[in-house]
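Colleague: I would like to go through this fold piece by piece. Could you take my questions in turn?

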Amino acid sequence: MNTVVLGLQWGDEGKGKAIDYLAGSFSVVVRFQGGHNAGHTVYYQGQKVVLHVLPSGIFYPACSAVIANGVVVQPLQLVEEIRNARALGLSLQNLALSENAPLILPFHQELDVVFEDSRYQRIGTTRRGIGPAYEDVIGRRALFMGDLLREDVFRAKIAPLAEYYQRLFSAHGHPAGNLDEAIDRYLSAGAFLRPFVCNTTLLLQRAFAAQKEILFEGAQGTLLDINLGTYPFVTSSNTTIAGVFSGTGLSHKAVDRVIGITKAYTTRVGEGPFPSELTDENGRLLRERGNEYGSTTGRPRRVGWLDLVALKYAVQVNGVDSLFVTKLDVLDELEEIQAVVAYDGRGGLFSPHADALSDVRPVYHALPGWQKKLGAIERFQDLPRQVHEYLRFIEDFVGVRVSHVSIGGERRQTIEISG
Ligand code: IMP
């Protein structure tokens, strides 16, 4: 079954772990949006590995790992990530990189920083140049991976763009960096990446026609979607189901199943509304027990109770078939667990734009905690009754079943629930 795995919250739902658990039974794993703003944490041979752009399929040599055309690529960072993966003993002969992936260029990252430091309303971006790179795509002036493989083309295309950015930087009173040196480094990275570059749309269409099973690996989460998230506190790509199609060149017919990933509570990094945010002792406990610090930036994450109103919205937006609930074990010590079941204000409706969401007050429902350690439990029926109750409450509210739960960082600490 071709499967899409998507985050249903504000990112960091544990997609890396979920995808790594699922990836073994697929022939192709594909990243279709975002860039190295993502940080997918996976444990490989007992070692913690954080992937930023490389698809989680790289751990399975028989599986093609594809970075498709919707992903924005910073070539220097990708070279470094490939080198790090090789140091772990992975050959990466199974990696394919789209010739049509837009490039993150040096001035994109610089502009992201300048905007963040000067903007009247900070977004709290990862400062990786993601937004400015996607802006160039929409502005029809982007450069792509294929351009980097031909020195004359790359130099000819980057020159007018550099001029455009110089004007922007001087308008912000910011000196532009030395581009000549950066161009040389980019061209060397291009030479390094050349063996991986191909037409990934064709590759994926052939895989689909040959009935190979494809896993689509989403990055960030639904509430960070540029069109459907908590705008303007969002990332610049479609993190929802829509991104799969424009980001790969496959149609909806290539998708059989959508698995939505949600934590058993909620986190958010960066600015923006967060109705169920906890700033009390429970919040501190969840942050420490859940090690809620950004895997890309190290920033402490904001934490809160599970927001079922927002989760239901994400389930509907993506046509989710089942839920993969992560980090249940983080709640182990709690006597009582709360979940948002309604909003007071704005007609009680979920409206994702930041202004609307800032106005609502969450209404909670309390459930008993289990106060037992879950980490070593292997079978669903052996989980405490209160866990079953919590999961059933979630299922009843959002209208889809829970197919997997995760009770620790290791691949084996995952329980699949037969349907
Ligand atoms: P950008 O994607 O760097 O432009 O950041 C925009 C917003 O998305 C900020 O609030 C970031 O913290 C958030 N964001 C981007 N990538 C991730 C991620 O992988 N996990 C969680 N939040 C993210």
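Colleague: Which residues of α1 are buried?

Modeller: The model is predicted, and the answers hold for that model. Helix α1 covers residues 15-23 and is mostly covered, with eight of its nine residues buried. Buried here stands for under 20% relative accessible area. The residues that meet this in α1 are K15, G16, K17, A18, I19, D20, L22 and A23.

Colleague: What is the order of the strands in the open sheet of 10 strands?

Modeller: The pairing in this sheet is mixed. Its edge strands are β7 (197-198) and β17 (414-416), each of which pairs on one side only. Read from β7 to β17, the order is β7-β6-β5-β2-β8-β1-β9-β13-β16-β17.

Colleague: Which residue stands opposite V28 in β5?

Modeller: Strand β2 (residues 28-31) and strand β5 (residues 64-67) run parallel and are joined by four bridges. Opposite V28, on the β5 side, is S64.

Colleague: What is the handedness of the crossover from β5 to β6?

Modeller: Strand β6 (residues 95-98) pairs with β5 in the parallel sense, over three bridges. One of the bridge pairs matches V66 with A96 in β6. Between the two strands the chain passes through helix α2 (residues 75-87), and this β-α-β crossover is right-handed.

Colleague: Where β1 pairs with β8, which residue stands opposite V4?

Modeller: Strand β1 (residues 3-7) and strand β8 (residues 214-217) are linked by three bridges in the parallel sense. The β8 residue opposite V4 is F216.

Colleague: Which residues form the uncovered face of β3?

Modeller: Strand β3 spans residues 40-44 and has two faces. H40, V42 and Y44 make up the covered face. The uncovered face consists of T41 and Y43.

Colleague: How many residues lie between β3 and β4 in their hairpin?

Modeller: Strand β4 (residues 47-51) pairs with β3 in the antiparallel sense over five bridges. Within this pairing, V42 stands opposite V49. The number of residues between the two strands of the hairpin is two.

Colleague: Is Q45 buried or exposed?

Modeller: Q45 sits in the loop between β3 and β4. Its phi is positive, about 50°, although Q45 is not a glycine. The relative accessible area of Q45 is 67%, and over 50% counts as exposed, so Q45 is exposed.

Colleague: And what is the relative accessible area of N291?

Modeller: N291 lies in the loop between α10 (281-289) and β11 (302-304). N291 is not a glycine, yet has a positive phi of about 45°. This residue is partly exposed, with a relative accessible area of 47%.

Colleague: At what angle do α3 and α4 pack?

Modeller: The helices are α3 (residues 106-118) and α4 (residues 130-138), with axes 7 Å apart. Their crossing is right-handed. The contact involves H108, L111, D112 and F115 of α3 and I130, P132, A133, E135 and D136 of α4. The packing angle is about 115°.

Colleague: How many charged residues does the contact of α3 with α4 have?

Modeller: Sorted by class, the contact has five nonpolar residues and one polar residue. The charged residues in the contact number three.

Colleague: Why is one side of β12 and of β15 left without a neighbour in the sheet?

Modeller: These strands belong to an open sheet of three strands in the order β12-β14-β15, with mixed pairing. β12 (306-307) and β15 (361-368) stand at the edges, so one side of each lacks a neighbour in the sheet because each has a single partner strand.

Colleague: Which residue stands opposite D344 in β15?

Modeller: Strand β14 (residues 336-344) runs antiparallel to β15, and eight bridges join them. Opposite D344 is R361.

Colleague: Which strands does α13 lie across?

Modeller: Helix α11 (residues 308-318) lies across β12 and β14, at about 70° to β14. Helix α13 (residues 385-398) runs at about 145° to β15. The strands that α13 lies across are β12, β14 and β15.

Colleague: Which residues does the cis peptide bond join?

Modeller: The bond has an omega of about 5°. P232 is placed in the loop between β8 and α9 (242-246). The residues joined by this cis bond are Y231 and P232.

Technical notes: Residues are numbered from 1 along each chain as its sequence is written. This is a predicted model: local features need pLDDT of at least 70, side-chain atom pairs count only at pLDDT 80 or more; totals for chains, interfaces and linings use all residues. Side-chain values use heavy atoms; hydrogens and water are left out. Buried means under 20% relative accessible area, exposed over 50%, partly exposed in between (1.4 Å probe, protein chains only). Axes are lines fitted to C-alpha atoms, for helices over the stretch in contact, and angles run from 0 to 180 degrees between N-to-C directions. A crossing is left-handed if the near helix is turned anticlockwise from the far one by less than a right angle, and right-handed if clockwise. Contact means heavy atoms within 4.5 Å. Ala, Val, Leu, Ile, Met, Phe, Trp, Tyr, Cys and Pro count as nonpolar, Asp, Glu, Lys and Arg as charged, and the others, Gly among them, as polar. Two strands pair if DSSP finds at least two bridges between them. A crossover is right-handed if, with the strands pointing away from the viewer, the path from the first strand over the helix to the second runs clockwise.
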